[in-house]
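Good morning, everyone. Please take a look at the structure on the screen, and then I'll walk you through it.

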Amino acid sequence: MGRTPAALIALVCSIGLLLVACGNNRLPELDADAAAPGTGGPRVGVILPDTATSARWAHFDQPMLQAALRREGLTPIVQNAQGDAQKFAQIADGMLSQRVQVLIIAAPSGDAGATVEQKADRLGVPVIDYDRLNVGGSADYYVSFDHEQVGELQARALATAMRDKPGGQVIEIGGATTDHNATLVHHGQSAELGPRYAAGELKLASSRFVDGWDNQAGGRVFEQLLTANGGRVDGVLAANDGLASAVITVLQKYGLAGAVPVTGQDMTVDGLRAILQGYQSSTVFKPIRDEASVTAELAAALARGDTAAADALAHQRTPDPVGGREVKSVLLPPQLITRDNIKSVLGPADVRAEEICGGELASTCRQLGIA
């Protein structure tokens, strides 16, 4: 890297003049709903993917990234692409025109992310792939969780929940094939359940990925697979809490909710409430506060041009199967959450007890010692 702010500014300005000379009106501006930046420190652009597929992006990532970046003396500019690849590209163009010194992206798709990374690279702006690796891209660094381990935890939890159902039939509902995380999660699931299927301990009824992690589509897909299997299912391997919620809605329709264990991921409020209700058997906690904190440390090092400090933080390597390279990475460990250990992960920085214990769940929370 080793790029100086002065060199970056000169390059951006020269490109801006060239575009005006070619007849373009102006570079895209930031949307009016962009998160209010701090003042004084180097600008860091953050683009999150959506608010529909998981509550985590708005509930956890946005406020935690803003706080962590400000603690590092940086000026965060945070926006959300709302699942729209074109909007994602426009936001990125606007941030680059605003001369951000680092770009942190969780793209709606790997292709969209890789395209933005090419633009940033031409302008000398370092990019951190946040939570999702854009395969075939050119990001300088990658901060996330061990998603193969996420899949292993989900699969192991499902097998445990189905221990009294030998030969039980499993339907797998995966995330988007355009998100490399979904592929990694599936690899982890297969490593754990593949031998169990082969041994006849469990039976794979069907397995399907859901485009865009779309929860409504996931519900429709699950209902189709359930119907095709004669209305029989003994366990559902759902890739995240949003898809789990869609599955549970279908199970309720057929009178099966609570009798069929369902996995999840992201430790959302809805996911935890579903666990307390007995509809969802588990979720996976990924401490986003830690993810945001190390991302901010990495961004601060890059903004200073201190690649040695950045490399010391990102000492792991993640293979990019499309780009044929290894990306400097920080991979944090996930944690399985069930009814038995929900209490251990509640707190003001994550999910608060009052968010999950209202109404009909008050007595359940008291029984579990959650106050």
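Let's start at one helix end. At the start of helix H6, Asp179 makes a polar contact: one of its side-chain oxygens comes to within 2.9 Å of the backbone nitrogen of Asn181. Keep in mind that this is a predicted model.

Now follow H6 along. The helix covers residues 180-199, which is 20 residues. How far apart should its ends be? At 1.5 Å a residue, the expected span is 28 Å. The end C-alpha atoms are 29 Å apart, so the two values agree.

There is a kink, though. The bend is about 40° and sits at Leu193, shortly before the proline Pro195. Just after the helix comes Gly200, with a positive phi of about 80°.

Which parts of H6 are buried? The buried residues include His180, Asn181, Ala182 and Leu184. Further along, Gly188, Gln189, Glu192 and Tyr197 are buried as well. So is Leu193, the residue at the kink.

What covers them? Among the elements that do so are strand S5 (141-145) and helix H5 (147-161). Strands S6 (168-174), S7 (202-209) and S8 (235-238) also take part.

Let's step back to the whole protein. It has 371 residues, and 51% of them count as buried. There are 13 helices and twelve strands. Take the contacts with a separation of 6 or more: 74% of them join residues 24 or more positions apart.

Next, the cores. The largest nonpolar core has 50 residues. Ile104, Ile128, Tyr130, Ile342 and Ile356 have the most contacts inside it. Helix H10, residues 288-303, gives this core its largest share, ten residues. A second core is separate and has 24 residues, including Leu225, Val236, Ala239 and Ala244.

One more residue: Glu354. It is found in helix H12, residues 353-356. Is Glu354 buried or exposed? Its relative accessibility is 57%, and the cut-off for exposed is over 50%, so Glu354 counts as exposed. Glu354 and Cys365 are eleven residues apart in sequence, and their C-alpha atoms are 9.8 Å apart in space.

Last, confidence. The mean pLDDT is 90, and 89% of the residues reach 70 or more. Residues 1-38 are another matter: there the pLDDT is below 50. In the model, that stretch still has 60 contacts beyond near neighbours in sequence.

That's my tour. Thank you.

Conventions: Residues are numbered from 1 along each chain as its sequence is written. Side-chain values use heavy atoms; hydrogens and water are left out. Helices (H or I, at least four residues) and strands (E, at least two) are DSSP runs, numbered from the N terminus. The expected span of a helix is 1.5 Å times one less than its number of residues. The bend at a residue is the angle between axes fitted to the seven residues ending there and the seven starting there. Buried means under 20% relative accessible area, exposed over 50%, partly exposed in between (1.4 Å probe, protein chains only). Contact means heavy atoms within 4.5 Å. A polar contact is a pair of N or O atoms within 3.5 Å; within protein, one must be able to donate a hydrogen and the other to accept it, and residues adjacent in sequence count only if both atoms are side-chain atoms. A nonpolar core is a set of buried Ala, Val, Leu, Ile, Met, Phe, Trp, Tyr and Cys residues joined through side-chain atoms within 4.5 Å. pLDDT is the predictor's confidence in each residue, from 0 to 100.
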